[in-house]
Amino acid sequence: DASEVSATIQSASVLIGLHPDQPTGDICDVALALSKPFAVVPCCVFHKLYPDRKLPDGTSVKTYDQLLDWIRAKDSRIRTHTLGFGGRSVVLYFDPSWTRE
């Protein structure tokens with residue numbers, strides 16, 4: 001039920017998504033709102049499902065690289081690293097203790 005999900009998220013020390021598809025943005029937003037660390041390895045863009053996703057310059061998010069930019073634009077402390085496996089392997093990660101750039 002919703003209260004159990006909320007309690008689980010509230011008690012989590014970190015939020016993680018490995019190719020989480022549609023919840024990618026939500027994982028980042030919830031972690032930022034709750035000041036929790038997160039790590040996501042995005043995969044699919046779903047530009048038709050999320051036509052309101054825009055980059056700071058107003059460009060619609062339609063490509064994988066734009067999705068990465070859109071997530072990074074949420075907070076200047078979000079960092080990026082490429083993992084050592086094939087396919088979509090860029091992790092975006094955040095720790096609320098890091099100083100804003």
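**Charges, core and cut-offs in one chain**

User: How many positive and negative side chains does the protein chain have, and how far apart are the centres of the two sets?

Analyst: There are 11 positive and 12 negative side chains, and the two centres sit 5 Å from each other. Keep in mind that this is a predicted model.

User: What makes the protein chain agree with a compact globule?

Analyst: Set the two radii side by side. A compact globule of 101 residues would have a radius of gyration near 13 Å, and the protein chain comes out at 14 Å, so the two agree. If you want a box, the C-alpha atoms fill roughly 35 × 30 × 30 Å along the principal axes.

User: Which elements does the protein chain have, and in what order do they run?

Analyst: Three helices and four strands. Starting at the N terminus, you read α-β-α-β-α-β-β. Of the contacts between residues at least 6 apart in sequence, 41% join residues at least 24 apart.

User: Which residues touch the most other members of the largest nonpolar core?

Analyst: F38, I71 and L92, in a core of 20 residues. At least two core residues come from each of α2 (24-34), β2 (38-41), α3 (64-72) and β4 (90-94). The largest share is that of α3, with five residues.

User: What does I71 touch, leaving out residues up to four places away in sequence?

Analyst: T24, C28, P42, I78 and L92. I71 is also one of the buried residues of α3, along with Y64, Q66, L67, L68 and W70. That buried set packs against α2 and β4.

User: Why is D75 called buried?

Analyst: Check its number against the cut-off. Buried means under 20% relative accessible area. D75 has 6%, so D75 is buried. D75 lies in the loop between α3 and β3 (79-82), and beyond its neighbours within four places in sequence, D75 is in contact with L32, F94 and R100. Across the protein chain, buried residues make up 34% of the 101 residues.

User: How do you know whether H81 counts as buried, partly exposed or exposed?

Analyst: Same kind of check. Partly exposed covers what falls between the 20% and 50% limits. H81 comes in at 44% relative accessibility, so H81 counts as partly exposed. H81 is found in strand β3, and apart from neighbours within four places, H81 is in contact with S89, V90, V91 and Y93. As for H81 and R100, 19 residues apart along the chain, their C-alpha atoms are separated by 18 Å.

User: What makes the phi of D21 worth a second look?

Analyst: Its sign. Most residues other than glycine have a negative phi. For D21, phi is near 55 degrees, a positive value in a residue other than glycine. D21 is found in the loop between β1 (15-18) and α2. With 27% relative accessibility, which is between the 20% and 50% limits, D21 counts as partly exposed.

User: And what about S35: where is S35 found, and what is its phi near?

Analyst: S35 is found in the loop between α2 and β2. Phi of S35 is near 55 degrees, again a positive value in a residue other than glycine. The relative accessible area of S35 is 48%, so S35 is partly exposed, since exposed would take over 50%.

User: How much accessible surface does the protein chain have, and what share belongs to carbon and sulfur atoms?

Analyst: The accessible surface comes to about 6,000 Å², and 54% of that belongs to carbon and sulfur atoms.

Conventions
Residues are numbered from 1 along each chain as its sequence is written. This is a predicted model: local features need pLDDT of at least 70, side-chain atom pairs count only at pLDDT 80 or more; totals for chains, interfaces and linings use all residues. Side-chain values use heavy atoms; hydrogens and water are left out. A nonpolar core is a set of buried Ala, Val, Leu, Ile, Met, Phe, Trp, Tyr and Cys residues joined through side-chain atoms within 4.5 Å. Buried means under 20% relative accessible area, exposed over 50%, partly exposed in between (1.4 Å probe, protein chains only). Contact means heavy atoms within 4.5 Å. The radius of gyration is taken over C-alpha atoms; the globule rule is 2.2 Å times the number of residues to the power 0.38. Accessible areas come from the Shrake-Rupley method with a 1.4 Å probe; for residues, only the protein chains shown count as cover. Lys and Arg count as positive and Asp and Glu as negative; His and the chain ends are not counted. The place of a charge is taken as NZ of Lys, CZ of Arg, CG of Asp or CD of Glu.
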